[in-house]
Amino acid sequence: MTRGVVSLGLAGALGPESIARIAPEVERAGFHALWINDTPDGDALAALAAAATVTDRLHLATGVVPVDRRPGDAIAAEVASLDLPLDRLTLGIGSGIAKEGALARVGDAIEVLHGAGMPRVLVGALGPKMRRTGVERAEGVLLNWVPPVEARAQTDALHEISPAAHIAVYVRTAIVPGARARLEAETERYASFPNYAANFARMGVDAADTTIRDVTELSDALEAYTAATDEVVLRAIVPEDTVEAYIDFVRRTAPSPS
């Protein structure tokens, strides 16, 4: 993959029907990939299957599937049942909520997914041990809630371990005033989680420093992030979860509209 590509992230809770309406706009806008997060009320793989049917070249990624809730064999089975295009698919996985055995759980899932023929697995990782697992045992790492300077430092360190590893970074982004309150609420929520709070403290940053909070910040922030790492995933935060609001976001942030 090319360094510095720009992708779009959406919530799995939007559902396959809405994702299928948004995905063609994402492809036309020139985004590299569509990332969908996986939650109890939003199946990322089902949403990506819907996106696959209405796009031709858009890469498809999960960001991320927690393997304490959906283990590797269950993920592989669903990928096969949905006939997802493996040449366009990246499986982002994470350890989930349970801390005990997290490294082993992720390592086992990577092995199962590779054994099932999944060509690209990225690991969502905060700490150095999990990041190392991602570049040594999988195809790379998905960073989250990090500012550009830290994204560059972590990317450079991981490329020293594995030059071919792909490092992506998830960046929550609001570009209209009406979305800012939702972004601030999500930022505060994550900052209240002990593992994220500890990570912000280690980096010496406020959680808000890892987000894009206004359209006037977009160009400079994108320049900084794309120079720092291999892929930037703009996690769209909009005033209301409507298809129209997300399509507006896509058009306003389009990296290279066709």
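This is a tour of a predicted model, stop by stop, with what to select and what is there.

The model is predicted, so local features are given only at pLDDT of at least 70 and side-chain atom pairs only at pLDDT 80 or more, while totals for chains, interfaces and linings use all residues. Residues are numbered from 1 along each chain as its sequence is written, and side-chain values use heavy atoms, with hydrogens and water left out.

**Stop 1: H1 and H10**

Select residues 16–28, helix H1, and residues 243–253, helix H10. Helices (H or I, at least four residues) and strands (E, at least two) are DSSP runs, numbered from the N terminus. The axes of H1 and H10 come within 10 Å and cross at roughly 15°. That makes the two helices roughly parallel. Angles under 35 degrees count as roughly parallel, over 145 as roughly antiparallel, 65 to 115 as roughly perpendicular and the rest as oblique. Axes are lines fitted to C-alpha atoms, for helices over the stretch in contact, and angles run from 0 to 180 degrees between N-to-C directions.

The crossing of H1 and H10 is right-handed, meaning that the near helix is turned clockwise from the far one by less than a right angle; anticlockwise would be left-handed. Show side chains for Ser18, Arg21, Ile22, Glu25 and Val26 in H1, which meet Val243, Glu244, Tyr246, Ile247, Val250 and Arg251 in H10. Contact here is heavy atoms within 4.5 Å. By class, the residues of this contact are six nonpolar, one polar and four charged. Ala, Val, Leu, Ile, Met, Phe, Trp, Tyr, Cys and Pro count as nonpolar, Asp, Glu, Lys and Arg as charged, and the others, Gly among them, as polar.

Stay on H10 and pick Ala245. Ala245 counts as buried at 18% relative accessibility. The classes are buried under 20% relative accessible area, exposed over 50% and partly exposed in between (1.4 Å probe, protein chains only). Leaving out residues up to four places away in sequence, Ala245 touches Val238 and Glu240. A distance between the C-alpha atoms of Ala245 and Ile22 should read 10.0 Å, for two residues 223 apart along the chain.

**Stop 2: H1 and H2**

Keep H1 and add helix H2, residues 44–53. Their axes come within 8 Å and cross at roughly 40°, which makes H1 oblique to H2. This crossing is also right-handed. Pro16, Ile19, Ala20 and Ala23 of H1 make the contact with Ala46, Ala47, Ala50 and Ala51 of H2. By class, this contact has eight nonpolar, no polar and no charged residues.

**Stop 3: Thr55**

Move to Thr55, in the loop between H2 and E3. Thr55 counts as buried at 4% relative accessibility. The side chain of Thr55 reaches the backbone oxygen of Ala51 at 2.8 Å. A polar contact, also of 2.8 Å, joins the side chains of Thr55 and Arg88. A polar contact is a pair of N or O atoms within 3.5 Å; within protein, one must be able to donate a hydrogen and the other to accept it, and residues adjacent in sequence count only if both atoms are side-chain atoms.

**Stop 4: Arg70**

Select Arg70, in the loop between strand E3 (59–66) and helix H3 (72–82). Arg70 is buried, at 13% relative accessibility. Its side chain makes a polar contact of 2.5 Å with the side chain of Asp38. Beyond its neighbours within four places in sequence, Arg70 has contacts that include Asp43, Leu45, Val65 and Glu78.

**Stop 5: H5 and Val141**

Select helix H5, residues 128–137, whose buried residues are Met130, Arg131, Thr133, Gly134 and Val135. These pack against helix H4 (102–115), strand E5 (121–124), strand E6 (140–144), helix H6 (148–161) and strand E7 (166–173).

In E6, pick Val141. Val141 is buried, with a relative accessible area of 0%. Among the residues that Val141 touches are Arg131, Gly134 and Val135, along with Leu122, Leu158 and Ile167.

**Stop 6: backbone geometry**

Most residues other than glycine have a negative phi, and most peptide bonds are trans. The peptide bond from Gly63 to Val64 is cis, with omega near -5°, and Val64 lies in strand E3.

Asp83 has phi near 55°, a positive value, and sits in the loop between H3 and strand E4 (89–94). Trp145 has a positive phi of about 60° and is in the loop between E6 and H6. Which of these is buried and which exposed? Asp83 counts as exposed at 66% relative accessibility, whereas Trp145 counts as buried at 1%.
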